[in-house]
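Me: Please go through the architecture of this protein with me, step by step.

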Amino acid sequence: MPAWGALFLLWAATEATKDCPAPCTCQALETMGLWVDCRGRGLTALPALPPHTRHLLLANNSLRSVPPGAFDHLVQLQTLDVTQNPWHCDCSLTYLHLWLEDHTPEALLDVRCASPSFATLHPLGHLTGYELGNCGWQLQTPWAYPWVWWDVALVAVIVIGLALLAAILCTAREPLLLGSFIRPSGQA
Ligand SMILES: *[C@@H]1O[C@H](CO)[C@@H](O)[C@H](O)[C@H]1NC(C)=O
C-alpha cells in the first residue's frame, strides 16, 4: 500500500476515534463506523456516544435505564450489547425495548431486569407494553382532535347536499311540482 494510503487510513481512524467517550475504548472498522467498547466500566449512565458508532458494547455496567431517543442519532448502530446491567424495567425502558425489537429482537431475551420485583430476572422481551407501563402518556381518542370535527362537518354537508339533490330530482319527475318549482316568479 502506498504511504499516502496508510496515512489516509491512519487519519480516518484518528478522526473516527477522537470523539470516543472517555470511559470506553473505540476502534475504527474497515467498513467505516466505530466499535465502541464500554464493557465493565461501572457506568450508571450512557456516555456521549460518537455518531459513527456501529457496534456498542455496554455489558456489565450499572445501567438502570436509557433515556428515550438515546440511540436515535446513531444511524449506523447495528449491534447493542446491554446484558449484565441492573435494568429497572418500567416505562422508562420502553425506548430500549422498542429499539431492540426493531433491530435485534433476539437480544430482548438476553436482557434481564433487576427490578421492579415482579420483573426481577425476567428477560425484557417477556414483558408486555402493559407491564412496562406508559409513563403517563395517553393515547388521545380521535374525538379529541379538532380537525376530526371538520371532517365530520364536511361529511354532514355533503350528505345533506346529496339528500337535497335527490329530493329535487325526485320532485322533478312530477311535472306539476316541477312547474311550480322552476316557474320564475311573476309568471304565475
Ligand atoms: C464486570 O466489570 C467489573 C468491573 O466493573 C470487572 O471486575 C468484572 O470482571 C467484569 N465481569 C465480567 C463477567 O466481565
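The questions below concern the fold, the sheet and the surface.

Reply: This is a predicted model, in which local features need pLDDT of at least 70, side-chain atom pairs count only at pLDDT 80 or more, and totals for chains, interfaces and linings use all residues. Residues are numbered from 1 along each chain as its sequence is written, and side-chain values use heavy atoms, with hydrogens and water left out.

Me: In what pattern do the helices and strands follow along the sequence?
Reply: Helices (H or I, at least four residues) and strands (E, at least two) are DSSP runs, numbered from the N terminus. The protein has 5 helices and 6 strands. Along the sequence their pattern is α-β-β-β-β-β-α-β-α-α-α.

Me: Which strands form the edges of the open sheet of 4 strands?
Reply: Two strands pair if DSSP finds at least two bridges between them. The pairing in this sheet is mixed, and the order is E1-E2-E3-E4. Two strands pair on one side only, and these edge strands are E1 (25-28) and E4 (79-81).

Me: Which residue in E2 stands opposite Ala28?
Reply: E1 and E2 (residues 34-37) run antiparallel and are joined by 4 bridges. Opposite Ala28 stands Leu34.

Me: What percentage of the residues in the protein is buried?
Reply: Buried means under 20% relative accessible area, with a 1.4 Å probe and protein chains only. The protein has 188 residues, and the buried share is 29%.

Me: What share of the accessible surface belongs to carbon and sulfur atoms?
Reply: Accessible areas come from the Shrake-Rupley method with a 1.4 Å probe. The total for the protein is about 12,500 Å², and the carbon and sulfur share is 66%.

Definitions and conventions
Buried means under 20% relative accessible area, exposed over 50%, partly exposed in between (1.4 Å probe, protein chains only).
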